[in-house]
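Me: I would like to learn how to read the features of a model like this one. Could we start with a strand pairing and work outwards?

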Amino acid sequence: MPLPPRAQIVGTGMFVPPDVYTNKDLEKMMDTSDEWIQQRSGIRERRYAKAGIGPSDLAFEASKSALAMAGLKSSDIDMIVFATLSPDYYFPGSGAFLQDHLGCGTIPAIDIRNQCSGFVYGLNVAQAFIASGLYKRVLLVGAECHSRALNFTTAGRDVSVLFGDGAGALVLVPSDDPERGVMSVHLHAEGAHRDLLKLETPAARNWPMVSKEDLDAGRQYPKMDGRNVFKHAVTRMPEVVREALTHNKLSADDVDLYLFHQANMRINEAVMKNLDQPITKSHNNMDRYGNCSAASIPMCLDEAVRGGRVKANDVVCMTAFGAGFMWGSALVRW
Ligand code: UT7
């Protein structure tokens, strides 16, 4: 029996809104400092989209770049997988918005709601569709407009300084070469920790979904136990990278490029140290864009590809950790 085809990434794209907010700009809104933000996270600036722009609009621009690189038209795509934690509407999903913006007939569109691990979860879905033969040209996007749900007062400073808006997109097709493409995706979740990083309202557990009391208590903003999230991230990320390496009979040295979720440069440095790899083998952009959750890894991938850091047959390792807790890794032979 022939092996199912691997999903090959044939196009990448990214888009960020033009408006830059530096740490100095945030200093004017809350009691924080450029020094604190840079030292604790590695972030210097981020982008915020204007009102009226949603994640699907950012995803649209990123998708056009990915399609152009792939040499495909939007009408060639037969499935959209859209990862976001900051959807355009509560429902329908942002995939429906993007499907309409792109004008790709009546193809299906799925939303993935796995927060900072949304991209690796989405990659597994896209890969499985291609391996099963159900769909042949899948557009996978991660896109976020975090700026809508950030508390820009001192009460929200622990979270608000970290996040930014942006989108990344990939086009995946069945690989002609059995060695090249997505080699594996390993996913995990540990829902017992769901309260350590959350945005509680609007919530279908509550009636009404959002009350005045909720708004007064700031439940429309994310809450994070940063130290605890950090501690789990620096354990789970190297663990799931090793799981991928063992599965593929590779060592950490065999990886040509590491791409991480962009939450905190100290986390990414700790993971590379744990794997005994130099930080120069990773590509990071949180200094310029902050944490863009599901968009972080595809944005890094697009920069790395366009910057000439990924060559044919290179092994690229991607890993993410975030709310849920949820985490995962993917290995791709380019
Ligand atoms: O993307 C999803 C996954 N997310 C992550 O992986 C994030 C993981 N966590 C982190 O990256 C880090 O925990 C943070 C960057 C969020 C925080 O860094 P930290 O070194 O863990 O700082 P901390 O939360 O322990 O806070 C240290 C101090 C506190 O003051 P006291 O109690 O020591 O007086 C905070 O109140 O820093 C204070 N602080 C701030 N000061 C200036 C918290 N936020 C700020 C701020 N500006 N924005």
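Reply: Start with a single bridge: G181 has R333 in β14 as its bridge partner. The model is a predicted one. That bridge belongs to a longer ladder, in which β8 and β14 (residues 326-333) pair in the antiparallel sense over eight bridges.

Me: Which strands form the open sheet that holds β8 and β14, and in what order?

Reply: The general idea for side chains comes first: in a regular strand they alternate between the two faces of the sheet. Here the sheet is open and has five strands, in the order β8-β14-β13-β11-β12, with mixed pairing. The edges are β8 (181-189) and β12 (282-283); each has a single partner strand, so one side of each lacks a neighbour in the sheet.

Me: What does β1 pair with?

Reply: β1 pairs with strand β7 (residues 165-174) in the antiparallel sense, over eight bridges. As one case, G13 has A169 in β7 as its bridge partner.

Me: How many residues of strand β1 are buried?

Reply: The cut-off to keep in mind is that buried means under 20% relative accessible area. Seven of the nine residues of β1 (residues 7-15) are buried, so the strand is largely enclosed by the rest of the structure.

Me: How should I read burial in a helix, and which residues of α11 are buried?

Reply: An α-helix has 3.6 residues a turn, so residues three or four places apart point the same way. In helix α11 (residues 296-306), ten of the eleven residues are buried, so the helix is largely enclosed by the rest of the structure. Its buried residues include the charged-type letters D302 and E303 in the list, along with I297, M299, C300 and L301. After α11 comes G308, with a positive phi near 75°.

Me: How many helices and strands are in the protein?

Reply: The protein has eleven helices and 14 strands. Its radius of gyration is 19 Å, close to the 20 Å from the globule rule for 334 residues, so the protein is as compact as a globular protein of that length. Along the principal axes, the C-alpha atoms fill a box of roughly 60 × 50 × 35 Å.

Me: What share of the residues is buried, and what supplies the exposed area?

Reply: Buried residues are 53% of the 334. The exposed area is about 14500 Å², and carbon and sulfur atoms supply 53% of it. As for contacts between residues at least 6 apart in sequence, 77% join residues at least 24 apart.

Me: How far apart are the mean positions of the positive and negative charges?

Reply: The mean positions of the 35 positive and 38 negative charges lie 2 Å apart.

Methods: Residues are numbered from 1 along each chain as its sequence is written. This is a predicted model: local features need pLDDT of at least 70, side-chain atom pairs count only at pLDDT 80 or more; totals for chains, interfaces and linings use all residues. Side-chain values use heavy atoms; hydrogens and water are left out. Helices (H or I, at least four residues) and strands (E, at least two) are DSSP runs, numbered from the N terminus. The radius of gyration is taken over C-alpha atoms; the globule rule is 2.2 Å times the number of residues to the power 0.38. Buried means under 20% relative accessible area, exposed over 50%, partly exposed in between (1.4 Å probe, protein chains only). Contact means heavy atoms within 4.5 Å. Accessible areas come from the Shrake-Rupley method with a 1.4 Å probe; for residues, only the protein chains shown count as cover. Lys and Arg count as positive and Asp and Glu as negative; His and the chain ends are not counted. The place of a charge is taken as NZ of Lys, CZ of Arg, CG of Asp or CD of Glu. Two strands pair if DSSP finds at least two bridges between them.
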